[in-house]
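Hi there,

Here is the structure I promised to pass on to you. Have a look at it first, and my notes follow below.

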Amino acid sequence: RRFSHIFSSWRCGSRETVCAVFTRLNRKSQEARMSLQSQTAFAVVPMLPQVAKPSGFVGHQEQRSGVTGNRWQRKGVSTRGHADRTTPEPLKAPLLTGLAAAAFGVVKRLRRTRRLQSAPSKVGTAKLSPEMLGWDVQGDEALRRQLELALERGGLQGQALQQGKKWPTKSEVLSKIPRDCLVKETGKSMMYAAASAAQVLGCGYLAWKFIPMTTAAIPLWMLYAVVQGTLATGPWVIGHECGHNAFCNEQWLQTLVGYVMHTALMVPYFSWQRSHAVHHSKTNHMTEGETHVPRIQKGKTNKYLKLAKVAGQGTVAAIRMVTHLVLGWPAYIIAGVTGGPAYGKTNHMWPYAPFHNGDKELFPGSLHKKKVLQSDLGLIAMSGVLFYWAKISGFWPVMALYGIPLMVTNCWLVLYTWLQHTDVDIPHFDKDNWSFVKGAFHTVDRPYGAVLDYIHHRIGSTHVAHHVCSTIPHYKAKKATEALKEHFPEFYLYDPTPVWKALWRVSSRCTAVQKVEASKDGMYIFT
């Protein structure tokens with residue numbers, strides 16, 4: 001009955017009633033405890049000479065039941081000593097009831113906290129409008145609606161869509177980064193590289209040693225693939241840092257570490273180094289950008305908007321997450337999918353025809369082409385290692401220990417690149433209005449959490465600083481980020497939206513862009 005009373009009181013939201021019940025239960029528990037202590041004290045009486053009770057002395061319980069003897073003796077509990085005593089039943093009920101009520105309290109408080117955190121703040125905030133950001137949308141209801149949806153769905157509070165900003169020069173931005181952020185420390189870089197490699201090798205060894213290669217162990221192998229693929233993204237980022245000349249001052253060591261790390265993950269190191277440099281030099285450029293350049297929508301709709309009307313927005317999100325996260329990396333390496341239209345179809349293993357068909361070359365000159373072929377040598381050697389491994393161990397052990405985790409690593413790579421430069425409220429620019437600073441500052445940092453920041457060397461939470469100056473070592477990027485936030489608060493972008501939620505939003509909503517003629521900065525905005 002007490003439990004039901006507490007539960008009903010809590011469900012009705014009567015905090016005062018619950019507190020009163022707790023007080024009453026606490027008082028009864030104290031009385032029971034004191035009664036137990038007194039009974040324990042009197043338990044030694046039988047060991048002493050018997051003392052006659054006054055005639056007519058009978059307790060209330062004895063009067064009611066007609067049975068003499070103390071309460072614990074009637075229940076069959078020994079009173080001879082402490083070791084023989086058990087917890088009396090009257091104490092258990094208040095204890096269990098109190099624990100149950102406390103659990104209800106914790107659950108309700110957590111739910112209330114989550115509800116308050118997820119609800120938009122109504123204090124001190126006003127709904128953003130295109131006019132507040134400097135847009136002239138009078139007479140253009142379609143543009144107004146497009147901008148209002150971007151502001152409503154996005155997490156940047158319209159900061160990236162602000163019109164008429166006075167942009168600093170590249171030298172002005174770089175001058176605000178502390179000089180020591182550009183100092184590379186070979187020992188520290190090698191320590192991070194060794195730690196990342198050791199984590200991957202250790203995880204692989206444990207899986208090989210303890211997970212059986214059986215059908216029943218498939219769930220364990222899938223869990224291993226997620227963990228190992230996540231860990232292997234660490235060496236990927238180390239190789240990425242080597243490709244940016246941010247690892248150490250010893251060029252031979254930097255090239256060796258980057259080449260080995262990326263080749264082990266089936267990445268053409270020199271080819272990717274060149275294309276990624278183009279990505280940094282032309283970030284969010286609509287024609288000359290590289291990787292995740294959005295499609296231009298012609299007309300009032302596109303194929304994904306049509307699909308959303310028929311099958312729902314969730315279907316669009318699911319399809320695009322598969323095509324980008326699972327197929328995106330091999331499609332980009334083999335055919336240049338999502339690359340800039342200026343370069344045509346490209347291939348990171350073969351820089352000649354039929355992939356030499358754009359207005360610009362992605363791998364210009366004989367030197368870059370020679371380095372592409374040098375990357376191929378590493379891939380051939382790694383393929384030979386995998387073939388020999390499969391020959392002596394079988395196909396499925398290789399897939400379980402290496403192949404499927406590598407797919408997870410590629411998913412992480414694409415996810416980072418995609419989310420750092422794409423969202424409903426992040427614009428792209430035409431060639432007449434683009435600048436390096438605009439591109440760098442339209443990169444966005446996101447909250448990946450302490451664990452992923454450690455494993456992936458802060459590649460997602462300090463990405464703006466990385467694009468402002470790609471030679472900053474990852475262990476000094478946080479300090480550089482703080483400097484950018486301090487000196488350029490109106491340009492630095494940080495979206496607090498949880499990553500999984502941002503991924504769903506980008507997958508379902510960022511399907512194509514259109515140029516907005518009313519924009520003073522030549523913006524392309526997602527439809």
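**Around G460**

G460 makes contact with Y416, Q420, V444, D445, R446 and Y448, leaving out residues up to four places away in sequence. Please keep in mind that this is a predicted model. G460 lies in the loop that links α18 (449–455) to α19 (463–468). Is G460 buried or exposed? Its relative accessibility is 1%, and buried means under 20%, so G460 counts as buried. G449 sits eleven residues from G460 along the chain, and their C-alpha atoms are 9.7 Å apart.

**The nonpolar cores**

The largest nonpolar core is made up of 47 residues, and W221, W329 and L415 have the most contacts inside it. Helix α16 (residues 395–421) supplies the largest share of this core, with 13 residues. If you want a place to start looking, try W329: apart from neighbours within four places in sequence, W329 touches W236, V267, W272, H324, N410, L413 and V414. There is also a second, separate core of 17 residues, and V173, C469, A480 and F488 are among them.

**The cysteines**

How many disulfides are there? The count is zero. C242 is in no disulfide, and the nearest cysteine sulfur to its own belongs to C248, 6.8 Å away. A disulfide needs sulfur atoms within 2.5 Å, so this pair does not qualify. C248 likewise is in no disulfide, with the sulfur of C242 as its nearest at 6.8 Å. C242 has a relative accessible area of 2% and is therefore buried, and C248, at 0% relative accessibility, counts as buried too.

Happy browsing, and best wishes

Note on methods. Residues are numbered from 1 along each chain as its sequence is written. This is a predicted model: local features need pLDDT of at least 70, side-chain atom pairs count only at pLDDT 80 or more; totals for chains, interfaces and linings use all residues. Side-chain values use heavy atoms; hydrogens and water are left out. A nonpolar core is a set of buried Ala, Val, Leu, Ile, Met, Phe, Trp, Tyr and Cys residues joined through side-chain atoms within 4.5 Å. Buried means under 20% relative accessible area, exposed over 50%, partly exposed in between (1.4 Å probe, protein chains only). Helices (H or I, at least four residues) and strands (E, at least two) are DSSP runs, numbered from the N terminus. Contact means heavy atoms within 4.5 Å.
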